[in-house]
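Reader: I should like to learn how the features of a structural model are to be read. May we work through one case together?

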Amino acid sequence: MYDAHEFLRTLAVVLCVAAVTTVVFQRLRQPVGFGYLFAGMIIGPHVPIPIVADVATVQTLAETGVILLLFSLGLEYSARELIDSMWSNAPIGLLDFVLNFTPGLVAGFVLGWGPVAATVLGGITYISSSGVIARTLHDLEWMGNRETPIVLAILVFEDLVMAGFLPFITAVLVGGGGTRVVLSIALSLLAVLAVLAGAARYGPALSRAVFSHSDEAMLLGVLAIVLLTAGGTQALNISAAVGAFLAGIAVSGPSADRARSLLVPLRAVFA
């Protein structure tokens with residue numbers, strides 16, 4: 001049953017702790033994101049006297065933050081720039097896959113696990129948190145560095161690989177046959193390609209449609225697009241963050257500039 005009092009108390013505690021953490025870590029000249037992780041551990045349910053026990057509420061809010069963060073990251077690219085970046089950085093992306101997936105796979109076999117469990121561990125060691133890394137780059141003011149585009153390209157490569165890996169491993173874990181596995185992967189990749197193609201073809205028209213001189217209308221329109229895309233990709237067993245990133249690619253020009261400025265405070269609260 002919904003408890004409004006508990007929700008407001010949880011939200012108040014999280015925001016107070018986040019505010020204190022932000023001030024402390026900024027004075028220490030450290031990424032604020034690491035401070036949030038530390039704060040979550042000390043007030044969460046895994047300490048002797050938990051301050052925040054309603055983890056589900058915090059997780060829902062946090063997932064929204066990740067969606068907005070990846071959408072903001074997608075605003076930095078156009079569909080053509082993303083495709084060109086993927087082709088030019090494909091060798092680096094493949095090297096990243098080999099260097100990070102292999103240790104987890106080998107560790108799983110060394111621990112005596114089966115091939116499926118070892119593959120899952122390989123996926124865990126391979127994927128990076130796009131949200132944490134993007135926030136860290138922003139906090140350290142490294143977004144303008146020469147190496148940052150390559151780092152972001154690798155993150156995007158990982159997210160796109162996971163768009164196929166997650167449906168594959170899900171179908172294997174539930175005991176699906178070869179046909180079901182192939183169908184799940186094909187459906188996921190088709191969805192990603194469809195969104196990319198739609199962004200390339202209809203992105204300018206969408207950007208013009210969502211643009212407004214009214215802050216409220218602009219913000220509501222952008223939020224509707226990103227949440228609908230994220231929810232749609234999640235329903236197809238693709239990460240909602242990947243969907244949000246692709247939605248960001250579809251918005252360009254003046255609309256992207258206004259979306260960045262309007263989403264900064266909202267993104268910060270949810271993240």
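Reader: What percentage of the contacts between residues at least 6 apart in sequence join residues at least 24 apart?

Author: In this predicted model, the share is 70%. Contacts between neighbours in sequence are set aside here, for the count takes in residues at least 6 apart. A pair that illustrates the point is Ser 255 and Phe 211, which stand 44 residues apart along the chain while their C-alpha atoms are separated by 5.2 Å.

Reader: Which secondary structure elements does the protein have, and in what order do they run?

Author: The protein consists of 12 helices, with zero strands. Read from the N terminus on, the order is α-α-α-α-α-α-α-α-α-α-α-α.

Reader: How does the radius of gyration of the protein relate to that of a compact globule?

Author: The approach is to set the value against the one expected for the chain length. For 271 residues a compact globule would have a radius of gyration near 18 Å, and the protein has 20 Å, which agrees. Along the principal axes, the C-alpha atoms fill a box of roughly 55 × 50 × 45 Å.

Reader: How much of the protein is buried, and what makes up its accessible surface?

Author: A residue is called buried when its relative accessible area is under 20%. Of the 271 residues, 37% are buried. The accessible surface comes to about 14900 Å², and carbon and sulfur atoms account for 71% of that area.

Reader: Which residues of helix H11 are buried?

Author: Helix H11 spans residues 240-250 and is mostly covered, with 11 of its 11 residues buried. Among them are Phe 245, Leu 246 and Ile 249, together with Gly 243 and Gly 248. Alanines also appear in the list, including Ala 240, Ala 244 and Ala 250.

Reader: How many positive and negative side chains are there, and how many salt bridges does the structure hold?

Author: The protein carries 12 positive and 16 negative side chains, and the centres of the two sets lie 4 Å apart. The structure holds three salt bridges. Each can be read by asking where its partners lie in the chain and how accessible they are.

Reader: Where do the partners Arg 9 and Glu 6 lie?

Author: The general idea concerns helix geometry. An α-helix has 3.6 residues a turn, so residues three or four places apart point the same way. Arg 9 and Glu 6 both belong to helix H1 (residues 4-27) and are three residues apart, about one turn of the helix. Their closest N and O atoms are 3.1 Å apart in the salt bridge. Arg 9 is partly exposed at 31% relative accessible area, and Glu 6 is partly exposed at 24%.

Reader: What is the N to O distance in the salt bridge of Arg 260 and Asp 257?

Author: The distance is 2.7 Å. Arg 260 and Asp 257 both lie in helix H12, three residues apart, about one turn of the helix. Arg 260 counts as partly exposed at 25% relative accessibility, and Asp 257 is partly exposed with 47%.

Reader: With which residue does Asp 215 form a salt bridge?

Author: The partner of Asp 215 is Arg 258, and the closest N and O atoms are 3.0 Å apart. Asp 215 lies in helix H10 (residues 215-235) and Arg 258 in helix H12 (residues 254-270), so the pair ties together parts that are 43 residues apart in sequence. Asp 215 is partly exposed, with a relative accessible area of 41%.

Reader: Is Ser 255 buried or exposed, and which residues does it contact?

Author: Ser 255 is found in helix H12 and is buried, with a relative accessible area of 3%. Beyond its neighbours within four places in sequence, Ser 255 is in contact with Ser 207, Arg 208, Val 210, Phe 211 and Met 218.

Reader: Which residues does Thr 21 touch?

Author: Thr 21 lies in helix H1 and counts as buried at 9% relative accessibility. Not counting residues up to four places away in sequence, Thr 21 touches Gly 35, Tyr 36 and Ala 39. From C-alpha to C-alpha, Thr 21 and Ser 255 are 32 Å apart in space, with their positions 234 residues apart in sequence.

Reader: What is the phi of Arg 29, and where is its place?

Author: The phi of Arg 29 is near 60°, a positive value in a residue other than glycine. Arg 29 sits in the loop between H1 and helix H2 (32-43). A residue counts as exposed over 50% relative accessible area, and Arg 29, at 74%, is exposed.

Conventions:
Residues numbered from 1 in each chain as written. Predicted model: local features only at pLDDT ≥ 70, side-chain atom pairs only at ≥ 80, totals over all residues. Heavy atoms only, no water. Helix = DSSP H or I, 4+ residues; strand = E, 2+ residues; numbered from the N terminus. Rg over C-alpha atoms; globule rule 2.2 N^0.38 Å. Buried < 20%, exposed > 50% of the residue type's maximum accessible area, 1.4 Å probe, protein only. Contact = heavy atoms within 4.5 Å. Areas by Shrake-Rupley, 256 points an atom, 1.4 Å probe, with all protein chains shown as cover. Lys, Arg positive; Asp, Glu negative; His and termini not counted. Charge placed at Lys NZ, Arg CZ, Asp CG, Glu CD. Salt bridge = Lys/Arg side-chain N within 4 Å of Asp/Glu carboxyl O.
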